[in-house]
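Please look over the sequence and the structure shown below. A short report on selected parts follows.

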Amino acid sequence: MASTASRRLRAFKRWMQSKGFQWSDALEFVDTPEEGIAVRALCQLKEGDVVAEMPKEACLTTKTSGAREIIEDAGLDGHLGLAFAIMYERSLGGDSPWYGYLQLLPYQECVPIVWTLDEVNELLCGTELHQTEQEDKALIYEDWKENILPLLDLAPLKLNPKFFDIEQYFAAKSLISSRSFEIDDYHGFGMVPLADLFNHKTGAEDVHFTAMPSNYESGSDVDGSDNDKSIVKEEVAFDQIPSIDMTASIGANVGNCVGSDLDSSSVSEDDTSMLEMIMIKDVDSGTEVFNTYGLLGNAALLHRYGFTEPDNSYDIVNIDMELILQWCSSAFSDRHSRARVSLWKRLGYSACGSQESEYFEISFDGKPQIELLILLHIMLLLDDAYQKLDLSASVAGNCPESNGETTHLNGNMFPNEAFNMSKKSLLPKRVCDALLSIADMRESLYGLNSVEDDIEALERCSLTRERKLYHSLVLRINERKILQKLRNYASQPNKINKHSSPRKKLKRTTKKTT
């Protein structure tokens, strides 16, 4: 198995050399059956070193693929077009200009969209991903049925159906989810060989992917895009790192290793045809060199990339508005619930998400979103206090003052009787009790097994043999630990709890992969 891994890596290196890729001799590519490919430093790498350069024309995009004309004629935009390009190049086998790259890739990444529906329902039940994956699988199937399947019936294209079936489409989508980069305004998103070999580590970025603006002129083949717009978010992020010298000599003895493959004269500062990997901090010899895909919680990591990280401090748990209303209906009438939510919204508050899918965030340390606390306060107000607040809201409007009944802050109106921000009042017991009940309701979504059962199952689980189970357990356990922290938070009413100011609407940890 090791010799097979070595052969495919050697073939990939030969392919890169033939396509004009350049990389530092200070980098070592390690390929193991258990962990896949990793990039390590053979000697110390210094901040500012340019350790790899990738030609844009060697990236697999809708503009470089042999399927470009088909893609454009069919109007396959974005990831849909890129998925078709990957399937098309795979259908060519050894005749594809990207065969040396494609043979290095797995058939598919182990992201939940390629799990069976039974696996999704069993392993992700109760987690932030359960509903998202169900919906995404259905949306991806519809994309294939409406856009790809009709192309197979067009005789002039002579497409081999076995390379464009639904399984192949899901596989291509999984590669795009976990490996694609935004290149520039002309190419859009694409597969960037070499750049996708660097593994992720949250909050520990060593090397940075930088894409320069495209030098293509605006025209009919650019899909009418506006080239004056901000090109690539990676470039913006790079510009915010003042310690890196964009004109650093890339032919220097990178990291004190001699014989770098990079030639200082090969790429000028104004060359927009190349992509670069640049060190943003020093890395010691023998250690792995990490990229970072963003500051993401485990739900997003598993959704997009197929892995999780233990004790990920960016994890959150969402509490759906629907669950809050279920709790409220156990103690109050539907009319009561609707009226209180209406008042809460009139006071200027809102949940995260859209009107069709509203939710509140519980942070990694178990603190609920302040909008949720205020909603619970309003839900639990006595009728007399509610009537006064309702009247005050109608009269006061957006007046930025305190009138004894309410306090205006950041454009929102807080009920003093319920939650006195200025005095940092203790959480009322009735709100704490509500939080405990809501935490129990959210916990019940995980099924009958306790968190202790999940922890024991994780200890018995093999990452290499049971990857899906392993990462789903990490996600479940981390989310359930957050709910326990929420219970601890609500069980300490004598402790002053500090909250952030009301936040703007936020997006869920995951996003659709349509």
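## Helix 12

In this predicted model, the buried residues of helix 12 are I370, E371, L372, L373, I374, L375, L376, H377, I378, M379 and L380. The helix spans residues 370–380, and with 11 of its 11 residues buried it is mostly covered.

## An open sheet

Four strands make up an open sheet with antiparallel pairing, in the order 1-4-8-7. Strand 1 (22–23) and strand 7 are at the edges and have a single partner strand each, so one side of each has no neighbour in the sheet.

At one edge, strand 1 is joined by two bridges to strand 4 (residues 50–55), and the two run antiparallel. Here Q22 is opposite E53 of strand 4. At the other edge, five bridges connect strand 7 with strand 8 (residues 274–279), again in an antiparallel arrangement. In this pairing F209 faces M277 of strand 8.

## Strand 7

Strand 7 covers residues 207–211, and it is largely enclosed by the rest of the structure because five of its five residues are buried. V207, F209 and A211 point to one side of the strand, while H208 and T210 point the other way; all are buried.

## Salt bridges

The whole structure holds 20 salt bridges. One of them joins the side chains of E109 and R179, with an N to O distance of 2.8 Å. E109 sits in the loop between helix 4 (99–102) and helix 5 (117–123), and R179 is in helix 7, so this pair ties together parts 70 residues apart in sequence. Both E109 and R179 are buried.

R179 also forms a salt bridge with D196, and the closest N and O atoms of that pair are 3.4 Å apart. D196 lies in the loop between strand 6 (188–191) and strand 7, whereas R179 is in helix 7, 17 residues away in sequence. D196 counts as buried because its relative accessibility is 9%, under the 20% limit. The relative accessible area of R179 is 15%, so R179 is buried as well.

A further salt bridge is formed by the side chains of E119 and K468, at 3.0 Å from N to O. This pair links distant parts of the chain, 349 residues apart: E119 belongs to helix 5 and K468 to helix 16 (residues 467–490). E119 is partly exposed, with a relative accessible area of 23%, and K468 is partly exposed at 24%. Elsewhere, a network of salt bridges links D440, E443, D454, R476, R480 and R487.

## A negative surface patch

E452, D453, E456 and E459 form a negative patch on the surface. D453 is part of helix 15 (residues 451–460). With a relative accessibility of 35%, D453 counts as partly exposed.

## Positive phi in two loops

Which sign does phi usually have? Most residues other than glycine have a negative phi. K158 has a positive value, near 50°, and is not a glycine. K158 is located in the loop between helix 6 (130–148) and helix 7 (166–179). Its relative accessibility is 73%, over the 50% limit, so K158 counts as exposed.

D311 likewise has a positive phi, near 50°, in a residue other than glycine. The loop that holds D311 runs between helix 9 (298–305) and strand 9 (317–320). D311 is exposed, and its relative accessible area is 54%.

Methods
Residues are numbered from 1 along each chain as its sequence is written. This is a predicted model: local features need pLDDT of at least 70, side-chain atom pairs count only at pLDDT 80 or more; totals for chains, interfaces and linings use all residues. Side-chain values use heavy atoms; hydrogens and water are left out. Patches are made of residues with over 30% relative accessible area and no salt bridge: like charges are joined within 9 Å, nonpolar side chains (Val, Leu, Ile, Met, Phe, Trp, Tyr) within 5 Å. Accessible areas come from the Shrake-Rupley method with a 1.4 Å probe; for residues, only the protein chains shown count as cover. A salt bridge is a side-chain nitrogen of Lys or Arg within 4 Å of a carboxyl oxygen of Asp or Glu. Lys and Arg count as positive and Asp and Glu as negative; His and the chain ends are not counted. The place of a charge is taken as NZ of Lys, CZ of Arg, CG of Asp or CD of Glu. Buried means under 20% relative accessible area, exposed over 50%, partly exposed in between (1.4 Å probe, protein chains only). Two strands pair if DSSP finds at least two bridges between them.
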